[in-house]
Amino acid sequence: VKINYNAEDDILVIEFSKDKIIKDLSLNWNVNVGMTENGVGEIVILDAKRDGFLPVELDEAAEVA
């Protein structure tokens with residue numbers, strides 16, 4: 001998992017896979033999920049800090065993975 005945040009544009013990208021994105025799903029106006037052949041490849045959140053998605057908090061189980 002790779003997490004990138006662009007402070008200037010307030011965009012959070014959580015990358016799960018380097019596989020090619022073949023389909024984008026819009027969950028709402030600011031949350032988009034990029035799908036690969038094998039499942040979720042990335043999640044992109046616009047206005048991440050403004051809408052409370054930052055700071056990103058991982059639970060203990062996620063930190064072990």
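**Salt bridges, a sheet and a few loops**

Okay, let's start with the charged side chains: counting a nitrogen of Lys or Arg within 4 Å of a carboxyl oxygen of Asp or Glu, we get three salt bridges in this structure. Keep in mind throughout that this is a predicted model.

So, who pairs with whom? Look at Arg-50 to begin with. Its side chain meets that of Asp-51 in a salt bridge, at 3.1 Å from N to O. Arg-50 also meets Asp-47, and there the N to O distance is 3.4 Å. Put those together and you have a network of salt bridges linking Asp-47, Arg-50 and Asp-51. How open are the partners? Arg-50 counts as exposed, at 56% relative accessibility, while Asp-51 counts as partly exposed, at 34%. As a general reminder, side chains of opposite charge can pair when their charged atoms come close.

There is one more salt bridge to show you, between Glu-15 and Lys-18, where the closest N and O atoms are 3.3 Å apart. Lys-18 is out in the open in terms of accessibility: its value is 67%, so it counts as exposed. Hold on to Glu-15, please, as we'll meet that residue again in a strand.

Now the sheet. What is the order of its strands? Going across, you read S1-S2-S5-S4-S3, five strands in an open sheet with antiparallel pairing. The edges are strand S1, residues 2-6, and strand S3, residues 23-28; each has a single partner strand, so one side of each has no neighbour in the sheet. On average, and ignoring direction, neighbouring strands here are turned by 20° against each other.

Let's walk across it. From the S1 edge, S1 pairs with strand S2, which is residues 11-15, in the antiparallel sense and over five bridges. Here's Glu-15 again: this residue of S2 is the bridge partner of Lys-2.

Over at the other edge, S3 runs antiparallel to strand S4, residues 31-36, and five bridges join the two. One of the pairs to look for is Lys-23 with its bridge partner Met-35 in S4. Two residues make the connection in the hairpin that joins S3 to S4. How many of the six residues of S3 are buried? Zero, so S3 lies largely in the open.

From S4 we step to strand S5, residues 39-46. S4 and S5 run antiparallel and are joined by six bridges. They form a hairpin too, with two residues between them. Gly-39 in S5 is the bridge partner of Thr-36.

Next, a couple of loop residues with an unusual backbone angle. The general picture is that most residues other than glycine have a negative phi. Asp-10 goes the other way, with a positive phi near 55°. You'll find Asp-10 in the loop between S1 and S2. Is Asp-10 buried or exposed? With a relative accessible area of 12%, it is buried, because the cut-off for that is under 20%.

Asp-47, from our salt-bridge network, also has a positive phi, about 55°, although it is not a glycine. This one sits in the loop between S5 and helix H1, which covers residues 60-64.

Last stop: the surface. Which residues make the nonpolar patch? They are Val-1, Ile-3, Phe-16 and Val-40, and the patch comes to about 380 Å². Val-1 belongs to the segment before S1, and with a relative accessible area of 78% it is exposed.

If you take one picture away, make it the open sheet in the order S1-S2-S5-S4-S3, plus the linked trio of Asp-47, Arg-50 and Asp-51. Thanks, everyone!

Note on methods
Residues numbered from 1 in each chain as written. Predicted model: local features only at pLDDT ≥ 70, side-chain atom pairs only at ≥ 80, totals over all residues. Heavy atoms only, no water. Pairing = 2+ DSSP bridges. Helix = DSSP H or I, 4+ residues; strand = E, 2+ residues; numbered from the N terminus. Axes fitted to C-alpha atoms, helices over the stretch in contact; angles between N-to-C directions. Buried < 20%, exposed > 50% of the residue type's maximum accessible area, 1.4 Å probe, protein only. Patch = residues over 30% accessible without salt bridge, like charges linked within 9 Å, V, L, I, M, F, W, Y side chains within 5 Å. Areas by Shrake-Rupley, 256 points an atom, 1.4 Å probe, with all protein chains shown as cover.
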